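Got the viewer open? Let's take a walk through the fold, one selection at a time.

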Amino acid sequence: MNLDLNAQAAYLTILRCGYDSPCRASNCGANATTILRKSDRAGRPMQQIELCDVHGERVVERERRRGLGVTDWRGRSPTQPFGSGLGKSGI
Ligand SMILES: [Zn+2]
């Protein structure tokens with residue numbers, strides 16, 4: 001599993017995961033609580049990844065050190081699946 005976010009990304013947005021998804025980090029079976037979405041300089045979403053708290057914080061810290069602008073939107077409404085209709089109802 002490659003947690004590297006694309007070097008072209010300029011912004012990283014932290015979102016609360018509003019759907020049922022496993023953490024995408026390898027060997028982590030936790031439920032994802034966080035979505036990290038990277039955007040280019042024009043603010044266009046490029047990619048997103050679902051992560052648990054531990055892995056999410058790890059990636060945020062790394063990307064922040066790389067100079068990405070980090071925006072925390074976890075106080076907002078839960079985010080629905082991005083570009084798919086595969087979301088499952090939560091427990
Ligand atoms: Zn994890």
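Two residues count as in contact here if their C-beta atoms, placed from the backbone, lie within 7 Å. With that in hand, start from the whole chain: among contacts in the protein between residues at least 6 apart in sequence, 60% join residues at least 24 apart. Keep in mind that this is a predicted model, where local features need pLDDT of at least 70 and side-chain atom pairs count only at pLDDT 80 or more, while totals for chains, interfaces and linings use all residues. Residue numbers start from 1 along each chain as its sequence is written.

Next, switch to cartoon. You'll find one helix and four strands (DSSP runs numbered from the N terminus: H or I of at least four residues for helices, E of at least two for strands). Tracing from the N terminus, the order is β-β-β-α-β.

Now select the strands. The four of them form an open sheet, ordered 3-2-1-4, with mixed pairing; two strands pair if DSSP finds at least two bridges between them. At the edges sit strand 3 (45–51) and strand 4 (69–72), each pairing on one side only. From one strand to the next, the twist averages 20° (axes are lines fitted to C-alpha atoms, for helices over the stretch in contact, and angles run from 0 to 180 degrees between N-to-C directions).

Zoom in on strand 2, residues 34–39. On one side, strand 2 runs antiparallel to strand 3, joined by six bridges; pick S39 and you'll see its bridge partner P45 in strand 3. The hairpin between these two strands has five residues in between, and G43 in the turn shows a positive phi of about 85°. Strand 2 also pairs with strand 1, again antiparallel over six bridges; here T13 stands opposite R37.

How buried is strand 2? Five of its six residues are buried, so the strand is largely enclosed by the rest of the structure. Buried means 20 or more other C-beta atoms within 10 Å of a residue's own, with C-beta atoms placed from the backbone; exposed means 12 or fewer, and partly exposed is in between. Across the protein, buried residues make up 25% of the 91 residues.

Last stop: show side chains for the largest nonpolar core, twelve residues in all, including L12, I35, L36, I49 and V59. Such a core is a set of buried Ala, Val, Leu, Ile, Met, Phe, Trp, Tyr and Cys residues joined through C-beta atoms within 7 Å. Strands 1, 2 and 3 each supply at least two of its residues.
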